[in-house]
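Got your viewer open? Here is a short tour of what to select and what you will find there.

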Amino acid sequence: MMMKTKLLPLVVACLAASPAFAADPMGNLFNDGTVNGQFQLFDFQRNFDGDSTDRRDTSFGGLFYLRSGEANGISFGSSFASANPIWDANDDGLYGLVGGGTPGSVVERTSVNRLQEYFVSGNWYDTKIVVGAQELRTPMMNPFPLRSIPFTYRGASIKNTSIENLGVSALYITDYMGWTNEEFASVADGIRGEFARKGVFIDVEDNPIYALGLDYNLPLESVKAKTSLWYYSMEDVYNQYHVKLDMSGEMGAANWYFIPSYLKQESTGLLDQSAAQFDTYQAGFHLGMKWNGFDATFKYVTTGDGDVVAPFGDEKVIIQQVVQSSRANEDGYGAQLAYNFSPDSALSGVSTYLNWASYEIDGDSSKDIDETDFSVVYDLAKYVDGLSVRARHAIVNYSTGDDLTDTRFYVYYKFAL
């Protein structure tokens, strides 16, 4: 799996920008290197009340990260990802933890083993440059960690932190791998796939995605506040803006928080002239209170005249186990109650939540959806360092359609060498 030729000049530029490489010993690359990761065993199943094919996958694998030390600002990184079926689930359809076909199809499961990352990084003058295959963590392009293996991307990323409290980021992304891919595909393929799942088949120009992001911690004393503004552009495809404010403060013995966000999306150029053209937005907020181990949140979101287009991970206002706020002309209302047991209790290490939301399409009650989620996490580090387990269960009811339940079990073992 090789880096595209058009990225090689960026690698050369990184190396050329560095001072004399011998200023730091080459041994730093190895002596200060790290190896960490996690083994994971997952079992996901989805059962429908009607005629739809039930789904179930059980997988074992993990994520393994190798990072070198720095020699005069230069470092290297790679990671490996693996998801392997333990057994075929009789006549159940594929869930999507592993490969084999389209989720829901009754097929033989196949393993997914891939080089997740391979990059060179330069770190000079409060600026970090990463060129190659890398996981990203931005509002509308992120790991999308809903299955065994997260998304990864190929291109270049830059982040500068020379101004106090301000981070300035830029992206140039040409390719990505989804949950079960073993080879990179162009971001144009990701856009095509997003519309194909909705029954709209279009041609999309093979252009990269550019992004610019500003993350700023407001220097306030009475409250903690940070804001982010991101702009993404793909020529002849779409532009999008995402702005988010995260505020929190104390109220007696409690801690409050308020997190509003706004997303604007619009098709451009050739896509805007096709059947897939769109112009939409999503606005909403989280309002919550933390007290004595409890965390209560109210959520509200409204979406404009088009569906949200998000093939590469996102920060939609309401994200549940199965359903997310994404449909045109939709209003969503949600509430979540979480609790972390105290370290000196008999259930130390246990955290849990109940998460409910209702999604309504303006003027069409036949498309209403409600979902109720339950989650329990047990951190077993006091018995085995790095070991934790989790159970999740979702109940999804559709006004018209096939109601379903979705149950997921996770076992993690994290390690560092």
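## Start with the pockets

The largest pocket comes to about 1,900 Å³ in volume. Keep in mind as you click around that this is a predicted model.

To get to the middle of that pocket, select R147, W179, E194, R197 and V322: of its 50 lining residues, these lie nearest the centre. Next, colour β1 (34-48), α3 and β19 (404-416), each of which supplies at least two residues of the lining. Which element gives the most to this lining? That's α3, with 4 residues. Colour the lining by class and you get 21 nonpolar, 15 polar and 14 charged residues.

Now hop over to the second largest pocket, with a volume of about 1,400 Å³. Pick P145, L146, I319, R390 and R392, which are the closest to its centre among the 49 residues that line it. Strands to highlight here include β2 (55-67), β13 (279-291), β16 (350-361) and β18 (387-398), each giving two or more residues to the lining. The top contributor to this second lining is β1, with 6 residues. By class, the second lining splits into 19 nonpolar, 15 polar and 15 charged residues.

## Into the core

Hide the pockets and select M141, Y153, I191, F195, M234, Y238 and F312. Within the largest nonpolar core, which has 31 residues, these touch the most other members. Four elements each give two or more residues to this core: β7 (166-177), α3 (187-196), β9 (209-218) and β10 (224-234). Here α3 gives the most, with 4 residues.

Zoom in on Y153 and show its contacts. Leaving aside residues up to four places away in sequence, Y153 touches G132, A133, Q134, L136, M141, N142, I173, D175, Y176, F184 and F312. Apart from the largest core lies another one of 14 residues; F44, L97, V98 and V112 are among them.

## Along the hairpins

Switch to cartoon and follow β10 into β11 (residues 238-251): the two strands pair in the antiparallel sense over 11 bridges. Select L229 and then V243, its bridge partner in β11. There are 3 residues between these strands, and in this hairpin D236 takes a positive phi near 65°.

Carry on to β12 (residues 254-267), which pairs with β11, again antiparallel, over 12 bridges. For a matched pair to label, take S248, which stands opposite Y257 in β12. Where should you look for a positive phi in the hairpin of β11 and β12? Select G252, with phi near 65°, in a hairpin that has 2 residues between the strands.

How values were computed:
Residues numbered from 1 in each chain as written. Predicted model: local features only at pLDDT ≥ 70, side-chain atom pairs only at ≥ 80, totals over all residues. Heavy atoms only, no water. Core = buried A, V, L, I, M, F, W, Y, C linked by side-chain atoms within 4.5 Å. Buried < 20%, exposed > 50% of the residue type's maximum accessible area, 1.4 Å probe, protein only. Contact = heavy atoms within 4.5 Å. Pairing = 2+ DSSP bridges. 1 Å grid on protein atoms, 1.4 Å probe; cavity = no way out; pocket = protein on both sides within 12 Å on 5 of 7 lines; lining within 4 Å. Points joined across faces, edges and corners; volume = space filled by probe spheres on them. Nonpolar A, V, L, I, M, F, W, Y, C, P; charged D, E, K, R; others polar.
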